[in-house]
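I opened my notebook to follow one protein model from its strands to its charged side chains. These entries record what I looked up, in the order in which I looked.

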Amino acid sequence: MAIPAFMTGLPGALAVLICTAAAQAAVTEQAIQRPYTVHVQPGETLRQALNGATPIAVNGERFHGYTRWNVRWTFRWWREASGRCSITEVQTHLRTEVQLPQLRTATPAQQAVFDRYLSALSRHEQGHEQFGRDAAQAIDEGIT
């Protein structure tokens, strides 16, 4: 990138600083919730109902909650007259998808147990979402 004529009177360091301003970046997030419905049948335990309703299976093992995340990034760069390249724009995008159960039919006692369980399961899945945020932020900062 050549220094414009109006900058030739500025000290060299200041001109270079102005011409090579750091790329601005920020992570954008898309969060998707994919609940699945659980109905507790008469004579069935809450655990049995959750295990029967969950669509989540990994290597034959059933899970009641699951988080997927994906980070995508693009960047633009500029080659200066000196041959030096600099990043001018960074776009980092995080997409998370969380699956958690929603209890539709149950006894009041089962509902109370489920509510406590769902709270703990949600906190656990939020930890997985944070792994995705941390990765996206590290990629964004690394490129910038």
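Entry 1, a pair of strands. I started at tryptophan 69 and found that it stands opposite threonine 96, a residue of strand S6. I kept in mind throughout that this is a predicted model. Next I looked at how S5 and S6 are joined, and I noted 14 bridges between them, with the two strands running antiparallel. As a reminder to myself, I wrote down that strands of a sheet pair through backbone hydrogen bonds, and that they may do so in a parallel or an antiparallel way.

Entry 2, the sheet. In what order do the 3 strands of the open sheet lie? I read the order as S1-S6-S5, with mixed pairing. S1 and S5 are the edge strands, since each of them pairs on one side only. I also looked up the turn between neighbouring strands of this sheet, which is 15 degrees on average when direction is ignored.

Entry 3, the helix across the sheet. I then turned to helix H3, which covers residues 108-143 and has 36 residues. From its first C-alpha to its last it reaches 52 Å, which is close to the 52 Å expected at 1.5 Å a residue. H3 lies across S1, S5 and S6, and it runs at about 10 degrees to S5. I listed buried residues of H3, among them Phe114, Leu121, Glu125, Glu129 and Ala136. The buried residues of this helix pack against S1, helix H2, S5, S6 and strand S7. I added a general note here: an α-helix has 3.6 residues a turn, so residues three or four places apart point the same way.

Entry 4, a buried acid. Glutamate 129, which has its place in helix H3, made me pause, as it is buried yet has no salt bridge. Which side chain of opposite charge is nearest to glutamate 129, and how far away is it? I found arginine 133 at 4.2 Å, whereas the cut-off for a salt bridge is within 4 Å. Leaving out residues up to four places away in sequence, I noted that glutamate 129 touches Thr67, Thr96 and Val98.

Entry 5, the charged network. A search of the whole structure gave 6 salt bridges, and I followed those that meet at glutamate 97. Arginine 34 and glutamate 97 join their side chains in a salt bridge at 3.2 Å, N to O. This pair links distant parts of the chain, 63 residues apart, with arginine 34 in the loop between strands S1 and S2 and glutamate 97 in strand S6. Arginine 68 also forms a salt bridge with glutamate 97, at 3.7 Å; here arginine 68 belongs to strand S5, and the two residues are 29 apart in the chain. Arginine 95 forms a salt bridge with glutamate 97 as well, at 3.4 Å. I recorded that Arg34, Arg68, Arg95 and Glu97 are linked in a network of salt bridges.

Entry 6, buried or exposed. Is glutamate 97 buried or exposed? Glutamate 97 counts as buried because its relative accessibility is 11%, and buried means under 20%. Arginine 34 is partly exposed at 39%, arginine 68 is partly exposed at 38%, and arginine 95 is partly exposed at 29%.

Technical notes. Residues are numbered from 1 along each chain as its sequence is written. This is a predicted model: local features need pLDDT of at least 70, side-chain atom pairs count only at pLDDT 80 or more; totals for chains, interfaces and linings use all residues. Side-chain values use heavy atoms; hydrogens and water are left out. Buried means under 20% relative accessible area, exposed over 50%, partly exposed in between (1.4 Å probe, protein chains only). The expected span of a helix is 1.5 Å times one less than its number of residues. Contact means heavy atoms within 4.5 Å. Lys and Arg count as positive and Asp and Glu as negative; His and the chain ends are not counted. Two strands pair if DSSP finds at least two bridges between them. Axes are lines fitted to C-alpha atoms, for helices over the stretch in contact, and angles run from 0 to 180 degrees between N-to-C directions.
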